[in-house]
Amino acid sequence: MTATAEVLKPKDYKSDIRPVWCAGCGDYGVLNAVQNAFAALKLSLYDTVCVSGIGCSSRLPYFLKTYGFHSLHGRSLPVAVGIKLARPELEVVVFGGDGDLFSIGGGHFPHVARKNSDVTCIMMDNHIYGLTKGQVSPTSTPGMVATTTPFGAPDTGSVNPLAYALTYGASFVAQSFSGNPKALSEIVQQAIMHEGFSYVNVISPCLTFNKIDTFDFYKDAFVDLPADHDKSNLVAALDKAFNPPAGKVYNGVFYETQRPTLVENLKKVNQKAKADKNRDLNEFVEEFAI
Amino acid sequence: MSDLIIRIGGEGGEGIISAGDMVAEAAARSGLEILTFKSFPAEIRGGYAMYQVRFSKDEILSEGTGFQVFCAFNQEALDKNRSQLVPGTVLVYDYPGGDIAEEVKIEGVTCYALPMSKIAKKDLDMYRAKNMVALGALSFTFDIALESLKELVKEKFGRKGQAVVDVNLKAIDAGAHFMRDNHKKTDPYKMGSVAKTGKDVIIISGNEAVGLGALIAGCNFLSCYPITPATEVANYLAVRLPKMDGTLVQAEDEIASLANVLGASYAGAKAMTSTSGPGLSLMQELLGLASMAEIPCVIVDVQRGGPSTGLPTKHEQSDLFMACHGGHGDASRVVLSAENVSDAIELTVIAFNIAEKYQTPVLLLTDGSLGFRTESIKRPDPRKYSVVNRDRFKAGGNGDAPSKYLRYKLTASGVSAMSLPGDAGGAYISTGLEHSESSAPSFTPEDHARMSDKRFNKLASVVDFVPPPEVQGDGPADLGVISWGSTLGTVREAVNQARAQGLKVKALHPKLVWPLQEKQIKAFASTCKKILVPEVNKQGQFAEILRGKTGVDAISYPIYGGLPFSPKQILEKIKEVLK
């Protein structure tokens, strides 16, 4: 993480591009919380890269003044990993939605997590495809009525992003709510500070297309994880991910552990390789001499 | 004689390829040129494997036509090659005591029975030495570098101890002595050696050559996904990139590979991925992103037989349409194709230079037979290559206020200076959305039109950046041959033969296949009465692109059997067209 020399306020991170989100969208709360977190961490505008895929939430990097990469639907994570591997000193933060990260891009998540690639992933979960005007997503409630499922989605299960992240080896897993920017900002700060792959599941309701997972539903549902929750215990974290109290949603850090990151392990690879013979182009050519 | 082709066939895992590599290296040491050709089963063990070496006192242009000598390790190999054992050829086969049950007699074919299994098992008590028995016999009978071979055995096996050296030397001698004592040489094939000319030679495969070219070009990032026949590019670089402070990762799929590459290049790396057709098809959407966001990257496609899993270990040049036209929308790119192993080095460097200079994706097409084959080539000097790096943003360098950096600024060349994360004043959003000069999303008719023009017009001078296609032969001709990729070498050989026979034939050898060097192609075509386009794919893909882009009335000559052309096939077609 590179801190900036000048003191930046949250508003200094905001670009002059106007968000395209509907009035009242949960993503505004995320944008505010992210600006607050960046300011609190004194992140440099130039050494921070915000990466996204496609979807309403994936527009977020445009609304910040940092470097950004608005990539393809589902591909934000591998793009972010490429950036981090090429330039480990950069702070790389990924933004995306439930469709982007868990449906079309769902195949990348396990590998980025298990390799402990040192990027932070902030998922804005609205349980719906918003940009295409309302279709069920992997986190939608089974049976949901939407445009391509007018008689109710035939899906009998949905993805539990927290359990998914925990199972595949994310070394930091947390959840928060766009309706509580202060709590969210604190968790985003912890996630960015974490060395290794950090995942933050943000409940960010879509007012326009999702009539189930509404602000009204969530505003009283959030409770902090119990004070005695052992966040170093993976099984306890999974238990909390699967079994929140009835009608409630947990806010807080489910799991946090320290493991060598992909960048650290690749540094070791380079050291091992360099200890071996033949280290420059002429020697590489010489290997083929007869 | 100046040219000899020996083919060895047997069961995969019998050491055919390692034996072939040894005799090739020994021959190169004795001053001969060599070009090897390998074909093996898709399975890891078992199945028919074939290794062929062409030896010559002169420059070798292709795999050649058929073989003069065939060495059969088993019955299956003999059966598979039986139709090519024509009068004048020689068969050396494992008999008696091996897999071949009966003595072989073929009209006009010299057949030498060599009990290689029996000698290895009974006399040497080491069945695995069968390949060395065969090598000794071949090397002795056809006078190919027997002494160099023994020297090589001492060097290669020295690390494993004297006992291993001795048994291998004994096996070579046993094979040689058996031939000396049991057969009177009745065939005319004797290679001999060449007086050392002081040539500084290396032996390298097509896939390794791509890797070496990438290192010379300054590549410092590769993300890959395993796929035959491209995996050796990554295998090669996995050892060398980290020594140069580079990074190589194996991603979860080809989509992630190219996404890694685009992220790394955006952040300043010189990045590439290597794949084959199925992988390239998965990368198509990201290829569109690379074009739209103007991100330099190199994608090497070692083509194989398709579609789908197709013929994963066989030869085909059938990804050209996908390379040139694949993907959605109007996506600009540059496509190069390599003729031979030397080219694979040169063109990989050129591919990186174009990617950097024009901020564009560049595809380099090779193919399975080029990837696997080895050639003796002149030792490259890494210092002699010019290496191009992208035009970097400097704060205020464009005459802009620092806060007004325009990543996609419209310039005369179409190329805009690129900032990298960390550059103060250079922040922008690299984007797959259509955008204005500043990179902000913009869907106005004006911006989509002018940015589309920018992405294509900036590539206009690529046709001059790549050396002009070489013309073989001069003056007006009855027939001109235009081809691409590894078929070029075979065309060169066939056209040399045709011209030696007095036919008015010439050839053009383009390495840039998209965009086409239209000026040179049209000029060439204007001197030829007819144009023939041989290539290894069903649809005649290059012929179609040539017709569409240059109006040249190309006669397509496609073959699609999973094997490369032989010079004889092309020569016969030339004669047929000229009739």
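1. Salt bridges between the chains. In this predicted model, the count between chain A and chain B is four salt bridges. A:Asp276 and B:Lys243 provide an example of such a pair: their side chains meet at 3.7 Å, taken from N to O. Polar contacts also cross the interface, where 24 residue pairs are found, both members having pLDDT 80 or more.

2. Elements on the side of chain A. Four elements of chain A give two or more residues to the side that touches chain B, namely β2 (67–70), α2 (76–86), α9 (262–275) and α10 (281–286). The largest share comes from α2(A), with seven residues. By residue type, this side of chain A divides into 24 nonpolar, 11 polar and 13 charged residues.

3. Extent of the interface. How many residues of each chain are in contact with the other? For chain A the number is 48, and for chain B it is 63. The size of an interface is often given as the accessible area lost when the parts come together. Here chain A and chain B bury about 4,600 Å² between them, and 66% of that area lies on carbon and sulfur atoms. In chain A, the residues that lose the most area to chain B are A:Tyr67, A:Phe288 and A:Ile290, which together account for 18% of what that side buries.

4. A strand pairing across the chains. The contact between the chains includes a pairing of strands: β2(A) and β15 of chain B (residues 429–431) run parallel and are joined by three bridges. Within this pairing, A:Phe69 has B:Ser430 of β15(B) as its bridge partner.

5. The sheet shared by both chains. The strand from chain B belongs to an open sheet of nine strands with mixed pairing, in the order β7(A)-β8(A)-β5(A)-β6(A)-β4(A)-β3(A)-β1(A)-β2(A)-β15(B). Why is one side of β7(A) and of β15(B) left without a neighbour in the sheet? Each of these strands, β7 of chain A (222–224) and β15 of chain B, stands at an edge and has a single partner strand, so one side of each has no neighbour there. From one strand to the next, the twist averages 20 degrees.

6. Inside and across the shared sheet. Strands β4 (residues 120–125) and β6 (residues 198–203) of chain A run parallel and are joined by six bridges. A:Cys121 stands opposite A:Tyr199 of β6(A). A helix of chain B also lies across part of this sheet: α9(B), residues 254–266, covers β1 (48–52) and β2 of chain A together with β15 of chain B. The angle between α9(B) and β2(A) is about 155 degrees.

7. A second sheet, in chain B. Five strands of chain B form an open sheet with mixed pairing, in the order β16-β18-β17-β20-β21. Its edge strands are β16 (470–472) and β21 (554–558), each of which pairs on one side only. Neighbouring strands are turned by 25 degrees against each other on average, with direction ignored. Strands β17 (residues 477–482) and β18 (residues 505–509) of chain B run parallel through four bridges, and B:Ile482 stands opposite B:Leu508 in β18(B).

8. Helices on the second sheet. Helix α17 of chain B (residues 487–500) lies across β16, β17, β18 and β20 (528–535) of chain B, at about 160 degrees to β18(B). Helix α18 of chain B (residues 518–525) likewise lies across β16, β17, β18 and β20 of chain B. The angle of α18(B) to β18(B) is about 175 degrees.

9. Backbone points to check. Which peptide bond leading to B:Pro96 is cis? The bond in question starts from B:Tyr95, and its omega is near -10 degrees; B:Pro96 lies in the loop between β5 (90–94) and β6 (110–114) of chain B. Another cis peptide bond runs from B:Gly306 to B:Pro307, with omega near 5 degrees. B:Pro307 is located in the loop between β11 (297–303) and α12 (320–325) of chain B. In chain A, A:Lys42 is a residue other than glycine with a positive phi, near 55 degrees. A:Lys42 is placed in the loop between α1 (26–40) and β1 of chain A.

Notes
Residues numbered from 1 in each chain as written. Chains lettered and ligands numbered in written order. Predicted model: local features only at pLDDT ≥ 70, side-chain atom pairs only at ≥ 80, totals over all residues. Heavy atoms only, no water. Contact = heavy atoms within 4.5 Å. Buried area = accessible area lost by both parts, 1.4 Å probe. Polar contact = N/O pair within 3.5 Å; in protein donor to acceptor, adjacent residues only side chain to side chain. Nonpolar A, V, L, I, M, F, W, Y, C, P; charged D, E, K, R; others polar. Pairing = 2+ DSSP bridges. Axes fitted to C-alpha atoms, helices over the stretch in contact; angles between N-to-C directions.
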